[in-house]
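User: I should like to learn how to read the features of a protein model, one at a time. Could we work through an example together?

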Amino acid sequence: MNLSIDDLLYEADRILPAPTTWVNFPQTPRASVVVRKKLSEEWHPNGRSFIYFDQYTRKVLFVECRECADCICGHADL
């Protein structure tokens, strides 16, 4: 699966519908693409929620949703 950055951000918005504050592109062959989101309840100005994508397949590896402790909202099941 070869998604464009637009497709990747669309997928991130589908998972966590909140403003994207930054995207971290991988610096090593094993690193993930990381999208940072800011949910309205979060105190940090850049948000404290992250979505990790495999840099080759763009598969969702992990969602760190600070809205709910231990991501019990179901995002981890993606």
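**Reading a fold step by step**

Analyst: Let us begin with a turn between two strands. In the hairpin formed by β3 and β4, five residues lie between the strands, and R58 there adopts a positive phi near 65°. Please bear in mind throughout that this is a predicted model.

User: In what kind of residue does this positive phi occur, and where does R58 lie?

Analyst: The phi of R58, near 65°, is a positive value in a residue other than glycine. R58 is placed in the loop between β3 and β4.

User: Is R58 buried or exposed?

Analyst: The general idea is to compare the relative accessible area with a cut-off: under 20% counts as buried. R58 has a relative accessible area of 18% and is therefore buried.

User: How should I describe the fold as a whole? Which elements does the protein chain have, and in what order?

Analyst: One lists the helices and strands, then reads them from the N terminus. The protein chain has one helix and four strands, and the elements follow the order α-β-β-β-β. Of its 78 residues, 32% are buried. The protein chain exposes about 5100 Å², of which carbon and sulfur atoms supply 53%.

User: How do I read the sheet? What is the order of its strands?

Analyst: For a sheet, one notes the order of the strands and the sense of their pairing. Here the four strands form an open sheet in the order β1-β2-β3-β4, with antiparallel pairing. The edges are taken by β1 (20-24) and β4 (60-64); each has a single partner strand, so one side of each has no neighbour in the sheet. From one strand to the next, the twist averages 15°.

User: How many bridges join each pair of strands?

Analyst: β1 and β2 pair over four bridges, β2 and β3 over six, and β3 and β4 over four. Individual residues can also be matched across the sheet. V23 stands opposite V35 in β2. V33 stands opposite F53 in β3, and the bridge partner of F53 in β4 is V60. K37, in turn, stands opposite S49 in β3.

User: Why is β2 described as largely enclosed by the rest of the structure?

Analyst: One counts the buried residues in the strand. In β2, five of the six residues are buried, so this strand is largely enclosed by the rest of the structure.

User: How do I place the helix relative to the sheet? Which strands does α1 lie across?

Analyst: One asks what the helix crosses and at what angle. Helix α1 (residues 5-15) lies across β1, β2, β3 and β4, and runs at about 50° to β2.

User: Which residues of α1 are buried, and which are exposed on the other side?

Analyst: L8, A12 and I15 are buried in α1. These residues cover an arc of only 60° around the axis, which puts them on the same side of α1. D6 and Y10 are exposed on the other side of the helix. The buried residues of α1 pack against β2, β3 and β4.

User: Why should I look for buried nonpolar residues as a group?

Analyst: In soluble globular proteins, nonpolar side chains tend to be buried together. In this model, the largest nonpolar core has 13 residues, and those with the most contacts inside it are I15, L16, I51, F53, V60 and V63. The elements giving two or more residues to this core are α1, β2, β3 and β4. The greatest contribution comes from α1, with three residues.

User: Could we take one core residue as a case? Where is I51, and is I51 buried or exposed?

Analyst: I51 belongs to strand β3 (residues 49-54). I51 has a relative accessible area of 0% and is buried.

User: Which residues does I51 touch, leaving aside those up to four places away in sequence?

Analyst: I51 touches A12, I15, L16, V33, V34, V35, K37, V60, F62 and V63. One may also consider distance along the chain: I51 and S32 are 19 residues apart, and their C-alpha atoms are separated by 9.5 Å.

User: What share of the contacts between residues at least 6 apart in sequence joins residues at least 24 apart?

Analyst: In the protein chain, that share is 32%.

Notes
Residues are numbered from 1 along each chain as its sequence is written. This is a predicted model: local features need pLDDT of at least 70, side-chain atom pairs count only at pLDDT 80 or more; totals for chains, interfaces and linings use all residues. Side-chain values use heavy atoms; hydrogens and water are left out. Buried means under 20% relative accessible area, exposed over 50%, partly exposed in between (1.4 Å probe, protein chains only). Contact means heavy atoms within 4.5 Å. Accessible areas come from the Shrake-Rupley method with a 1.4 Å probe; for residues, only the protein chains shown count as cover. Two strands pair if DSSP finds at least two bridges between them. Axes are lines fitted to C-alpha atoms, for helices over the stretch in contact, and angles run from 0 to 180 degrees between N-to-C directions. The arc is that of the directions from the helix axis to the C-beta atoms. A nonpolar core is a set of buried Ala, Val, Leu, Ile, Met, Phe, Trp, Tyr and Cys residues joined through side-chain atoms within 4.5 Å.
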